[in-house]
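Hello, I am handing this structure over to you, and I would ask you to keep it open while you read my notes. They begin with a single residue and work outwards from there.

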Amino acid sequence: MPAASSETGWIVGGVVAAVVVPALAIGLSMPFWLACIIGVAAGGGAVAALAPREAFPLLDASGVARGKVTFARELLTEAAPQAARLDQAAAQIRDRKVVECVRHMAVIARRIFAAIEKDPLRLDRVRRFLTYYLPRAAEIAQAYGELERTTVPDLQRLTATRELIERLDSAFTRYATNLEDADLDKLDIEMKLLKSSLDEDLGPAASRPPALDSAHGTNQDKSEGRG
């Protein structure tokens, strides 16, 4: 549900206060000053509840510099409607294979939105995707649906547009993979740091004979000695 505008919030808050004050003062015989305090608090609560909320709230909790967060929010806010356009285009397209590609692109786009919201530092990896490929994909998908609905469809143009949509779908998948690779790169770095710490505390793994094997060998030597 979209957030109400700030003007609407203040109007609703004023109406709430105007209703609460006389209801308490007259209906419940509450002191007027106390009714005013409660009415103002109720109106303020309504204003706060209806206040517009910024898109992608997880960006604020990312711990990244404010400038980067603001830039990421701007790009994501502009890109989000394009994913909705893909959904709308898919609902109008008849070719099942093309529908699957368009819907898959919408899913990939929202997956990338979520990844950037979680970690805005990865924005540079998908900036071209957000500002170029995604809006162009929405336009091409809508154009394909319009071509299908023409009185005499141009089969050659339909084929060329279908091939372009399939290539765009592959590009979307590649961008999503690039973000996943970034996560794997972080994992590799963390594993190297952890291994280095373990080697400092316990010694290199290759130079340490397994304790179980040593115990097993000692027991075996004793058994052979008794034999």
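Y175 counts as buried, because its relative accessibility is 14%, and buried means under 20% relative accessible area, exposed over 50% and partly exposed in between (1.4 Å probe, protein chains only). Please bear in mind that this is a predicted model, in which local features need pLDDT of at least 70 and side-chain atom pairs count only at pLDDT 80 or more, while totals for chains, interfaces and linings use all residues. Residues are numbered from 1 along each chain as its sequence is written, and side-chain values use heavy atoms, leaving out hydrogens and water.

Y175 belongs to one aromatic cluster, in which it is joined by F129, Y132, Y133 and F172. Two rings of Phe, Tyr or Trp (its six-membered ring) form a pair if their centres lie within 6.5 Å, and the pair is stacked with planes under 30 degrees apart, edge-to-face over 60 and tilted otherwise. Counted in this way, there are four aromatic pairs. One of them joins Y132 and Y133, whose rings meet edge-to-face, at 5.3 Å centre to centre and with 70° between the planes. Y132 is partly exposed, because its relative accessibility is 38%, and Y133 is also partly exposed, with a value of 23%. Y133 pairs with Y175 as well, and here the arrangement is tilted, with 5.8 Å from centre to centre and 55° between the planes. This second pair links distant parts of the chain, since Y133 sits in helix α5 (residues 123-148) and Y175 in helix α6 (residues 155-202), 42 residues apart.

Those helices are part of a simple overall plan. The protein has seven helices and zero strands (DSSP runs numbered from the N terminus: H or I with at least four residues for helices, E with at least two for strands), so that its elements, read from the N terminus, run α-α-α-α-α-α-α. Of the 227 residues, 29% count as buried. Among the contacts (heavy atoms within 4.5 Å) with a separation of 6 or more, 67% come from residues 24 or more positions apart.

What lies in the interior? The largest nonpolar core, a set of buried Ala, Val, Leu, Ile, Met, Phe, Trp, Tyr and Cys residues joined through side-chain atoms within 4.5 Å, has 38 residues, and L86, V102, I112, F129 and L130 have the most contacts inside it. At least two residues of this core come from each of α3 (66-92), α4 (96-118), α5 and α6, and α4 gives the most, with twelve residues. In soluble globular proteins, nonpolar side chains tend to be buried together.

I112 shows how this core meets the aromatic cluster, for apart from its neighbours within four places in sequence it is in contact with V126, F129, F172, Y175, A176 and L179. A109 is found in helix α4 and counts as buried, because its relative accessibility is 0%. Not counting residues up to four places away in sequence, A109 touches A83, F129 and L134. A109 and A80 are 8.3 Å apart in space, C-alpha to C-alpha, although 29 residues separate them in sequence.

The lengths of two helices can be compared with an expected span, which is 1.5 Å times one less than the number of residues. The 23 residues of α4 should span 33 Å, and this agrees with its end C-alpha atoms, which are 33 Å apart. For α3, with 27 residues, the reach from first C-alpha to last is 40 Å, close to the 39 Å expected.

The buried residues of α3 include L75, L76, A79, A83 and L86, and also R73 and Q82. Q82 counts as buried because its relative accessibility is 14%, and beyond the residues up to four places away in sequence it touches L134, P135 and A138.

Finally, T173 lies in helix α6 and is partly exposed, because its relative accessibility is 33%. T173 and M105 are 68 residues apart in sequence, yet their C-alpha atoms are 8.0 Å apart in space.

With best wishes
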